[in-house]
Amino acid sequence: MRAAASALLCFAAFSTAAHAAVTVKDDLGNEITLQQPARRIVSLAPHVTELLYAAGAGDRLVGASNFSDYPAAAAKLPSVGSFAALDLERVLSLKPDLIVGWHSGNKPSQLARLREFGIPVYESQPADFGMIADALEKLSRLAGTDAAGKAAAGDFRVRWQALQARYQGRAEVSVFYQIWSQPLMTLNGQHMVSAVLRLCGGRNIFAGLPQLAPTVNIEAVLAADPQVILAPGDARDRPLERWRDYPALRAVRQNQLHTVNADWLNRAGPRVLDAAGEVCGLLDQARSVK
């Protein structure tokens with residue numbers, strides 16, 4: 001009888017722990033509390049989808065925004081529209097107990113509307129490598145996949161620190177990262193792309209602009225005279241060709257016009273370290289030019 005009673009108490013304690021409330025802070029510092037780990041999660045951005053899969057929560061995902069195509073299983077998830085124009089009815093029809101959104105990508109009015117239905121909304125906005133590692137741990141806590149999230153975060157930190165040790169102290173290289181041609185657009189120093197550049201010893205020539213994705217003009221680029229110009233490799237308008245009309249520009253003169261893997265670099269997820277390896281190699285190439 002005593003053994004049976006002890007077993008019953010242990011089971012009760014386990015059940016209570018398994019369904020205990022969990023609280024984390026999202027990237028804006030908002031507290032997100034779930035009475036038990038989420039079982040039905042909707043992702044509102046491709047980088048969020050990648051983070052959730054890496055955190056071991058892929059089998060909890062019931063919907064995701066368009067272009068959530070990594071890992072391969074993500075492409076099979078029901079679509080909830082683009083991150084900039086969500087299909088709110090579709091989101092609600094999936095009956096999520098947690099929504100993970102993108103602070104700078106999703107419309108604030110749509111996130112607010114989802115909260116009105118009583119659904120917890122975690123806002124993701126990783127701006128550096130540490131925030132990505134932290135996100136893996138926090139999202140895994142919300143999904144009840146703590147062990148997987150901690151392991152993924154640990155692996156990420158090891159790779160990040162190895163790159164940091166390898167490239168710290170190298171000569172600075174000035175960089176213009178062009179995300180769009182017409183109008184000419186870039187990213188400022190608060191974006192994850194700038195964290196990648198800093199890791200590699202690069203300096204974003206427009207880091208000081210206040211907007212996250214500012215519009216700039218050709219004259220400003222010419223005045224800054226960057227050593228390297230980078231652009232997404234999936235752009236359809238051959239974004240780097242126009243710069244060859246300015247042969248005096250240092251990046252053109254030294255043949256340092258390069259495309260990079262946009263999914264790796266633009267999405268603030270685990271694959272950003274693959275982007276860092278690519279970018280660091282390109283900046284080293286620029287350093288070797290005499």
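The second largest pocket has a volume of about 180 Å³. A pocket here is an open set of points on a 1 Å grid over the protein atoms alone, where a 1.4 Å probe fits and protein lies on both sides within 12 Å along at least five of seven lines. Its volume is the space filled by probe spheres set on the points, which are joined across faces, edges and corners.

This is a predicted model: local features need pLDDT of at least 70, side-chain atom pairs count only at pLDDT 80 or more, and totals for chains, interfaces and linings use all residues. Residues are numbered from 1 along each chain as its sequence is written, and side-chain values use heavy atoms, without hydrogens and water.

Lining residues have an atom within 4 Å of a point. The second largest pocket has 13 of them; Glu50, Ala54, Tyr70, Pro270 and Arg271 lie nearest its centre. H2 and helix H6 (146-167) each give two or more residues to this lining. H6 gives the most, with 4 residues. Helices are DSSP runs of H or I with at least four residues, strands are E runs of at least two, and both are numbered from the N terminus. Domain 1 (22-161) and domain 2 (170-288) each supply at least three residues to the lining. Domain bounds come from an automatic or database domain assignment.

Arg271 and Tyr70 also meet directly. The charged end of arginine 271 sits over the ring of tyrosine 70, 3.8 Å from its centre. The rule asks for NZ of Lys or CZ of Arg within 6 Å of the ring centre and within 35 degrees of the ring normal.

The largest pocket holds about 1100 Å³. Its lining has 35 residues, and Phe83, Trp102, Ile179, Ala262 and Asn266 are the closest to its centre. Helix H2 (46-54), strand S11 (228-232) and helix H10 (262-266) each give two or more residues. H10 has the largest share, 3 residues. Both domains contribute to the lining, so the largest pocket lies between them.

The linings by class (Ala, Val, Leu, Ile, Met, Phe, Trp, Tyr, Cys and Pro nonpolar; Asp, Glu, Lys and Arg charged; the others, Gly among them, polar):

| Pocket | Nonpolar | Polar | Charged |
|---|---|---|---|
| Largest pocket | 19 residues | 10 residues | 6 residues |
| Second largest pocket | 9 residues | no residues | 4 residues |

Phe176, Phe206, Trp243 and Tyr246 form one aromatic cluster. Phenylalanine 176 is buried (under 20% relative accessible area, 1.4 Å probe, protein chains only; exposed is over 50%, partly exposed in between), at 0%. Tryptophan 243 is buried too, at 0%.

Definitions and conventions. Rings of Phe, Tyr and Trp (its six-membered ring) pair if their centres lie within 6.5 Å; planes under 30 degrees apart count as stacked, over 60 as edge-to-face and the rest as tilted.
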